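Care for a stroll through a structure, with someone to answer your questions along the way? Have a look first, and then we can talk.

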Amino acid sequence: MTVTAPPRRTPLYQIQKESGARFVDFHGWELPVQFSSILKEHQAVRTAAGLFDVSHMGQVWVTGKDALALVQKTNANDAARLKPGQAMYSHMLNEKGGIVDDVIVTCFGPERWFIVVNAATREKDAAWLAKHAAGLSVEVKDVSDLMGMVALQGPNAKEIIGSVCPEAVALAKFAGLEARLWGEDCVLTRTGYTGEDGFEVIAPNAVITRVWQTLVARGTSSFGLLPCGLGSRDTLRLEAGLLLYGNDIDDEHTTLEAGYGWVAKLAKPAFIGKAVLEGQKKAGVPRRLTGLKLSERGVPRPGCRVFAAGKEAGTLCSATYSPTLEAGIGVYYAASPAPQPGFALEVEIHGKRVPAVTVPLPFYKRS
Amino acid sequence: MPDPKDCRFAKTHEWVFLKDGVAVVGVSDHAQHEISDVVFVDVPKAGRKAAQGEAVAVVESVKAAFDIYAPVAGEVSEANPALAADPAIVNQSPMDKGWFFKLKDVDAAQVAGLMSFAEYEEFLKTAH
C-alpha cells in the first residue's frame, strides 16, 4: 500500500456530499463524479441546464505594462485581437510546439489579463509564465487557492445566471466581466466545456457556496437544472470535440496535431513554438487526432488499442459511451496520412476486436 | 419476479434463483445502484461452461466496466436477449427484467451455500 497525500477538496465539498454526490479522485482532488446519473446530467445540459463545480481549475492574473507582451509570447492565439471584456481559447506552447496547457485568456484592460488554467498543470503554467516574464515589467499572480469556480451550462443557462449577476445575461459568447457578488470581486465569462451555451463564475472561496446555492435554487425550480459531476462533463466535452489536457494533448503533441490549427495564429510576429508549427504546416503533421465511432455495441475506454487492416494503428486518448449518439466514441492519434471519415478500424475492448469507423470531429455540434 | 427472499446471493453481488434445476442469475439492487447507468452488457453465449466464481459477463456503465461472476458452476443455457437493445433494464428491474443468464447442470448444494437475502443485507452493512 502506498501512502498518498490527503485529497484536496473544493469549498463546495460539504454541500455536494450532503446532496448525495459520489466522489472520485481527479489529479489529487476529491470531486463529484455524479449526483443523480451521468446520463440524466448529460441530458440536462444538452436540453436544459447543468451546474458543475470546477473549483479545482486554476486562475492566474497577468498584470503590468508588459502584460500583453507576456500573454502574446506564451500563447499561440492572438491576444492583440481582444478588446477589454473579450476572451479567447488558446494553447500555451513550449519551444517544440508541444502544448504546455490549453487555457482561456480574458482581457480586462491593456495591462490586466486573466488566464484560466487546468488543475493538473497549474504549478507548471505559473512557473512557465514567471520564467518568460523575466526582464518584462509584469506581475504573474496565481490566485487559484483563493478562488472557487462553477460552470453553468446548457440552453437555459442564460435564464439562470441573472440570479447571481444580472449584467452577465448580456455577455456575448467568449466575453467576460468583473463584478462584485456578495461584496467580493468575481469574474464571469460566457464560456464552457460542454458544447452548449453557458457561463463560468470565478468567485472567492467565501462566496462560491452562495453562487452555487443561488444558481441551484433558481435553476432547479424553473429551468430543469441538475447539479452535474465529472462523469457528464467528460461525455459532454468529448462529444463536442473539446480536448482534455493529459489525455488528448500534452507537452509532446502540437496544436496542429490535435486538429486545432485555428488556435495558432501564425500571422502573429512571434510566439514560443511558432517555428515548429510553421514547419509542420509546410511539411504536414506526422500524426493527427482522429475521431472514431464503434459500429457495434460496446464501450471503448482510454488506452484501448486501435487496429487498421489488422495492424496496430494507435491507442485511444479519450473514449466513452456517447449518450447523444448512443454509441461508443473515441479519439486517437492516427499516423499521417490520417484516414478520411468512413475508414474501417477495430478497437480492442476486453480482448475482443470491435468494428469501428472514423468520423469527423466534433461528434456533436448544436444545430 | 422472484422474491429476493427466495434468492441466494454471492459476495460479488449476483443473485441466483433456482427453479426446476435451472439457476437464473442477475445482479442485486445494491450492485445496479453502485454500477449506475448501465449502457452495455456483454453476456455469455449458450453452451458456455462456467466454474463457480468465473467472470462470464461484463457490465459497462458510462464511467467503468464491471465483471459479473458465475455465482455457481454450470452451463449457460440462455442469456437475456432484451439486454442488447435496452441495457438500462438492469437499473430499472435488476431482480426481474434485467436478469443476465440462466445456468443448467447446477449443484443445488452450491446454491444453498450462498448467502440468504437476510445474510446478504447484513453483508452489505459490513462490506463494500
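Below, a visitor asks and a guide answers.

Visitor: Before we start, what kind of model is this?
Guide: Residues are numbered from 1 along each chain as its sequence is written, while chains are lettered from A and ligands numbered from 1 in the order in which they are written. Local features need pLDDT of at least 70, side-chain atom pairs count only at pLDDT 80 or more, and totals for chains, interfaces and linings use all residues, since what you see is a predicted model.

Visitor: Let's begin with chain A. How far apart are the centres of domain 1 and domain 2 of chain A?
Guide: Domain bounds come from an automatic or database domain assignment. For chain A, that assignment gives domain 1 as 13-54 + 145-239 and domain 2 as 286-359. Taken over C-alpha atoms, the separation of the two centres is 31 Å.

Visitor: Which elements give two or more residues to the side of domain 1 of chain A that touches domain 2 of chain A?
Guide: Two residues are in contact if their C-beta atoms, placed from the backbone, lie within 7 Å. Eight residues of domain 1 and six residues of domain 2 take part in this contact of chain A. Helices (H or I, at least four residues) and strands (E, at least two) are DSSP runs, numbered from the N terminus. On the domain 1 side, the elements you want are H2 and H7 of chain A.

Visitor: How many residues of H2(A) are buried?
Guide: A residue is buried if 20 or more other C-beta atoms lie within 10 Å of its own, exposed if 12 or fewer, and partly exposed in between, with C-beta atoms placed from the backbone. The buried ones in H2(A) include Ile38(A), His42(A) and Val45(A), and the buried residues pack against E2, E3, E9, E13 and H7 of chain A. H2(A) is largely enclosed by the rest of the structure, because the buried count out of its 10 residues is seven.

Visitor: And what about Ser232(A): how many C-beta neighbours does it have inside 10 Å?
Guide: You'll find Ser232(A) in helix H7 of chain A, a helix with nine of its 10 residues buried. Leaving aside neighbours within four places in sequence, Ser232(A) is in contact with Ile38(A), Glu41(A), His42(A), Val45(A) and Gly50(A). Ser232(A) counts as buried because its C-beta neighbours inside 10 Å number 31.

Visitor: Where does the largest nonpolar core lie?
Guide: A nonpolar core is a set of buried Ala, Val, Leu, Ile, Met, Phe, Trp, Tyr and Cys residues joined through C-beta atoms within 7 Å. The largest one has 101 residues, and Val62(A), Val150(A), Leu152(A) and Val201(A) have the most contacts inside it. Both domains of chain A give residues to this core, so its place is between domain 1 and domain 2.

Visitor: How many residues does the other core have?
Guide: This one lies apart from the largest core, and Leu18(B) and Ala50(B) are among its members. The number of residues in it is 41.

Visitor: Which are the edge strands of the open sheet in chain A?
Guide: Two strands pair if DSSP finds at least two bridges between them. Five antiparallel strands make up this sheet, in the order E5-E6-E7-E4-E8, with a twist that averages 25° from one strand to the next. An edge strand here pairs on one side only, and that describes E5 and E8 of chain A.

Visitor: Which residue takes a positive phi in the hairpin of E5(A) and E6(A)?
Guide: E5(A) and E6(A) pair in the antiparallel sense over seven bridges, with His91(A) standing opposite Asp102(A). Between the two strands of the hairpin sit five residues. The one with a positive phi, near 85°, is Gly97(A).

Visitor: At what angle does helix H3 of chain A run to E4(A)?
Guide: Axes are lines fitted to C-alpha atoms, for helices over the stretch in contact, and angles run from 0 to 180 degrees between N-to-C directions. Helix H3 (residues 67-74) lies across E4, E5, E6 and E7 of chain A. Its angle to E4(A) is about 130°.

Visitor: Last one: how many residues does chain B give to the contact with chain A?
Guide: Chain A supplies 13 residues, and E2, H2, H7 and E16 of chain A each provide at least two of them. The share from chain B is 10 residues.
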